[in-house]
Amino acid sequence: MPLDTEISAQILEAVRRLVEERLIPAEAEVEETNAIPQPLVDAMKEMGLFGLSTPAEYGGLGFDLATEAEVMMELCRASVAFRSRLGTNNGIGALGIIIDGNDEQKSRWLPRIASGELITSFALTEPEAGSDAASLRSTARRDGSDFLINGTKRYITNAPIAGLFTVMARTDPDAPAGKGISAFLVPAETPGLSVGKSDRKMGQRGAHTADVVFEDVRVPADAIIGGPEREGQGFATAMKVLDRGRIHLAAVSVGAAIRLLEEALSYAMERRQFGQAIAGFQLVQAMLADSRAEIEAARALVRDAARRYDAGETVPTLASCCKMLASETLGRVADRAVQIHGGAGYMAEYPVERLYRDARLFRIYEGTTQIQQLIIARNMIRDAEAGRRI
């Protein structure tokens, strides 16, 4: 659904009001309790935010990525923990079904995902397989007409509250890296599946991750995303999911950076030193100006990448450029915001202390900056060898 439709404009305005009137005022409570108040979860459900990317025929809003990105840039002016609660339902936890699922899987799962009744989670990362996701060790062994899944997944977003896991497991142990991996849909109540205690993290309180352990978890062959005929194609599904997911996260990073800059500008205009507001000092102005320019560049790249994705272009290089530029921009803006606050920026009574900690994760998850650099450079080399221009 394009951005200029009436319903998307209404959603954007509703999100702005939600952020200003309810989410930002609740940030201190979320930080203190490490939980998002249920009335706010319910409000996001009622607005359809859990089903932004789910097709309309399955109860979602059916937004294209360009519109979804605009919503994320608005929503993430508030604590990114709020976005995390619904992020997997719009991203890595549900996209596999939307992109490669069969009709039965879509009909069974997507309406509950779009409504927020069911929280999804994407189980790829392992203790020995993070950036090198193709080396995962979890196995899915044939046992009659079923598979038995064994392994441990680590840092799995929304695992403590998930009702459905997309699980990447190796179905062909003899296949080379990246091959012989299948994507399974595994309900949380399946015997043998257990979730560890929530991780203690540097930031993003209210957004929970945990280990997920699979011990002879029995699932039918039709639990493979796309059906049994897509056995061994799970890694390809994961890469498709990550292309869109990285542009989504870039939009999240832009929204978080905008909030940090707003906080820095407001403080600079109020804080007085040497008889004037520090916003009048040129070195403070330089930090503000650099932040604004970098945010504008990241926002423009997100919008361009999202439009090209929606137009059907193959965008793995552009998606990595987006993720890298936006998350690195967020890191720099966060650092400047604390610097502008001076000693106050190190104190928990000011929002930038928490926002700074929250921002640090974006340069790591769904592919570190260094992994994005490798993807970009290798794709450039491959394109040059094929005679394709930048």
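**Entry 1: Leu49**

I began with Leu49, which this predicted model places in the loop between α3 (38-46) and α4 (65-75). I asked whether Leu49 is buried or exposed. Its relative accessible area is 0%, so I recorded Leu49 as buried. I then looked up how far the C-alpha atom of Leu49 is from that of Val15. The two residues stand 34 residues apart along the chain, and their C-alpha atoms are separated by 9.1 Å.

**Entry 2: Two residues with positive phi**

I next turned to backbone angles. Gln204 is not a glycine, yet I found a positive phi of about 55° for it. I located Gln204 in the loop between β6 (193-195) and β7 (209-220). The relative accessibility of Gln204 is 5%, and therefore I counted this residue as buried.

Glu366 also went into my notes: it has a positive phi of about 55° and is not a glycine. I found Glu366 in the loop between α11 (351-359) and α12 (369-385).

**Entry 3: Cysteines**

I asked how many disulfides the model contains. A disulfide is a covalent bond between the sulfur atoms of two cysteines. For the count, I took a pair of cysteine sulfur atoms within 2.5 Å as the cut-off. The count came to zero disulfides.

I then checked why Cys76 has no bond to another cysteine. The closest cysteine sulfur belongs to Cys322 and lies 15 Å from the sulfur of Cys76, so the pair is too far apart for a bond. I noted further that Cys76 is buried, with a relative accessible area of 1%.

Cys321 is likewise in no disulfide. The cysteine sulfur nearest to that of Cys321 is in Cys322, at 7.7 Å. For Cys321 I recorded a relative accessible area of 23%, which means that this residue is partly exposed.

**Entry 4: Helix α8 and its partners**

I examined how helix α8 (residues 234-270) packs with helix α10 (residues 316-341). Their axes are 8 Å apart, and the packing angle is about 20°. Angles under 35 degrees count as roughly parallel, so α8 is roughly parallel to α10. I described the crossing of α8 past α10 as left-handed. I also sorted the residues in the contact of α8 with α10 by class: 20 are nonpolar, four are polar and four are charged.

I repeated the search for α8 and helix α9 (residues 282-310). The axes of α8 and α9 come within 9 Å and cross at roughly 155°. Angles over 145 degrees count as roughly antiparallel, and α8 is therefore roughly antiparallel to α9. The crossing of α8 past α9 is left-handed.

**Entry 5: Domains in the UniProt record**

Lastly, I consulted the UniProt record, an unreviewed entry, for domain features. It places "domain: Acyl-CoA oxidase/dehydrogenase middle" at residues 121-217. I looked up what the chain is made of over residues 121-217 and found 0% helix and 47% strand. The end C-alpha atoms of residues 121-217 are 17 Å apart.

The unreviewed UniProt entry also gives "domain: Acyl-CoA dehydrogenase/oxidase C-terminal" at residues 232-380. Over residues 232-380 I noted 76% helix and 3% strand. For this stretch, residues 232-380, the end C-alpha atoms are 28 Å apart.

Terms used: Residues numbered from 1 in each chain as written. Predicted model: local features only at pLDDT ≥ 70, side-chain atom pairs only at ≥ 80, totals over all residues. Heavy atoms only, no water. Axes fitted to C-alpha atoms, helices over the stretch in contact; angles between N-to-C directions. Helix = DSSP H or I, 4+ residues; strand = E, 2+ residues; numbered from the N terminus. Parallel < 35°, antiparallel > 145°, perpendicular 65-115°, else oblique. Left-handed = near helix turned anticlockwise from the far one by under 90°. Nonpolar A, V, L, I, M, F, W, Y, C, P; charged D, E, K, R; others polar. UniProt positions renumbered as here; feature names shortened; annotations may be inferred. Buried < 20%, exposed > 50% of the residue type's maximum accessible area, 1.4 Å probe, protein only.
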